[in-house]
Amino acid sequence: MNALAATNRNFRHAARILGLDPKLEKSLLIPLREIKVECTIPKDDGTLASYVGFRVQHDNARGPMKGGIRYHPEVDPDEVNALAQLMTWKTAVADIPYGGAKGGIGCNPRDLSISELERLTRVFTQKIHDLIGIHRDVPAPDMGTNAQTMAWILDEYSKFHGHSPAVVTGKPIDLGGSLGREAATGLGVVFATEALLTENGKSVSDMKFALQGFGNVGSWAAKFIHERGGKVVAVSDITGALKNPNGIDIPALLKYKDDNGTLKDFKGGDSMDPNDLLVCECDVLIPCALGGVLNKENAADVKAKFIIEAANHPTDPEADEILSRKGVLILPDIYANSGGVTVSYFEWVQNIQGFMWDEEKVNFELSRYMRRAFHEIKAMCKIHDCNLRMGAFTLGVNRVARATLLRGWEA
């Protein structure tokens, strides 16, 4: 099942549990605005190349829309739509004053030089500058984009609207980015994991962890787990996979990956088939990479007792049902990976106030937001007698529905 179908299914289930008016349910599902723009740039060799850019703005009932911009050859309107909708529920679960958006350009960033990427980013910004803004829609980095991309958007947007650091988040520190932003999603995943384990009378130091994905989110999560005494027994990324039942030396692995750009041939573990990572012997499985990796084919073989969804939509609905029947506790993506957007919110607040926080304050506030959201999800689970995924969806959907009704959507 693709991301849009799965997201719509979860939304409809939550809407039924909440008893939403069918007209309101339909209104909440339809995006506020879908933008498609053509971006033509001169390549370094003098030829012209055209790319298609998208921005889906899903909902703004609770505040300006928020969401990443990805550069990927398979940027697909359906997927962008699903991710924009997920951002609406995610920001509501985290209780930060945003709605959801998502965007991207259909290109392979690896095939473009730095100057071509800059030209492409600036043309895209020129095409959408009047539809984004500090109090309208605030982009952030995503797959294939980074702090430098945000710096170009900020500069191009500021040519039209004056100096506006709060128009994007995930910026370089020198341009008003927040301390702690780079580690935020990974640290948020660990705060969420701690909340779930504490609820079940366990701690990180008692557990064995397997992480699929060792990019920004996975590597930071592994680092924080290791620091808390947790044993990371398996990791994988696109370069390979390795396991060590006695625990991998994460600081050594981070240095090795930094130096070599790969996990392959790292001496502190045995190589393994990347597909076996999802079903390896561990207590906590953390998918940090692609969507749909847990499906009806492999769900029955999962040995982990807890799954923390650090990636977006890593568990298909069919796998969800199989895992629930096995008694596996799944912490859903719209809560588990919300640390990134929460610290993006802190960055936006700092930019608007013109007053920057130290990293200790950023991490303290992130911890507070993640723990509070967990207890609010548990309260919804109790009220509606549902699992954690529906607890999170009912919490998010209810907040957006209430804001929509209070604003007078039928007027």
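How many cavities of 30 Å³ or more does the count come to? In this predicted model, the count comes to 1 cavity of that kind. A short walk around its walls makes a good start.

The largest cavity holds about 90 Å³ of space. Its lining is made up of 13 residues, and those that lie nearest the centre are N10, H313, T315, D333 and R389. Three helices, α1 (3-18), α9 and α13 (388-407), each supply at least two residues of this lining. Of the contributing elements, α1 gives the most, with 3 residues. Sorted by class, the lining of the largest cavity has 5 charged, 4 polar and 4 nonpolar residues.

H313, one of the residues nearest the centre of the largest cavity, deserves a closer look. This histidine sits in the loop between β11 (306-308) and α9 (317-325). Its phi is positive, at about 50 degrees, although H313 is not a glycine. Is H313 buried or exposed? With a relative accessible area of 11%, H313 falls under the 20% limit and is therefore buried.

A second residue invites comparison on backbone geometry. D95, likewise a residue other than glycine, has a positive phi near 60 degrees. The place of D95 is in the loop between α3 (77-94) and β4 (99-106). The relative accessibility of D95 is 29%, so this aspartate counts as partly exposed, the class between the 20% and 50% limits.

Turning to open spaces, the second largest pocket has a volume of about 240 Å³. Two or more residues of its lining come from each of the elements α1, α9 and α13. The lining includes R9, N10, H13 and R16, together with P317, D320, E321 and S324, and also N387, R389 and M390. By class, these lining residues divide into 5 charged, 4 polar and 2 nonpolar. N10 and R389 appear here in the pocket lining, and N10 and R389 are also among the residues nearest the centre of the largest cavity.

Helix α9 is also home to R325. The relative accessibility of R325 is 66%, which is over 50%, so R325 counts as exposed. Where does R325 lie with respect to F54? The C-alpha atoms of R325 and F54 are separated by 39 Å, and the two residues are 271 residues apart along the chain. Helix α9 thus carries the exposed R325, and α9 supplies residues to the lining of the largest cavity as well as to that of the second largest pocket.

Technical notes. Residues numbered from 1 in each chain as written. Predicted model: local features only at pLDDT ≥ 70, side-chain atom pairs only at ≥ 80, totals over all residues. Heavy atoms only, no water. Helix = DSSP H or I, 4+ residues; strand = E, 2+ residues; numbered from the N terminus. Buried < 20%, exposed > 50% of the residue type's maximum accessible area, 1.4 Å probe, protein only. 1 Å grid on protein atoms, 1.4 Å probe; cavity = no way out; pocket = protein on both sides within 12 Å on 5 of 7 lines; lining within 4 Å. Points joined across faces, edges and corners; volume = space filled by probe spheres on them. Nonpolar A, V, L, I, M, F, W, Y, C, P; charged D, E, K, R; others polar.
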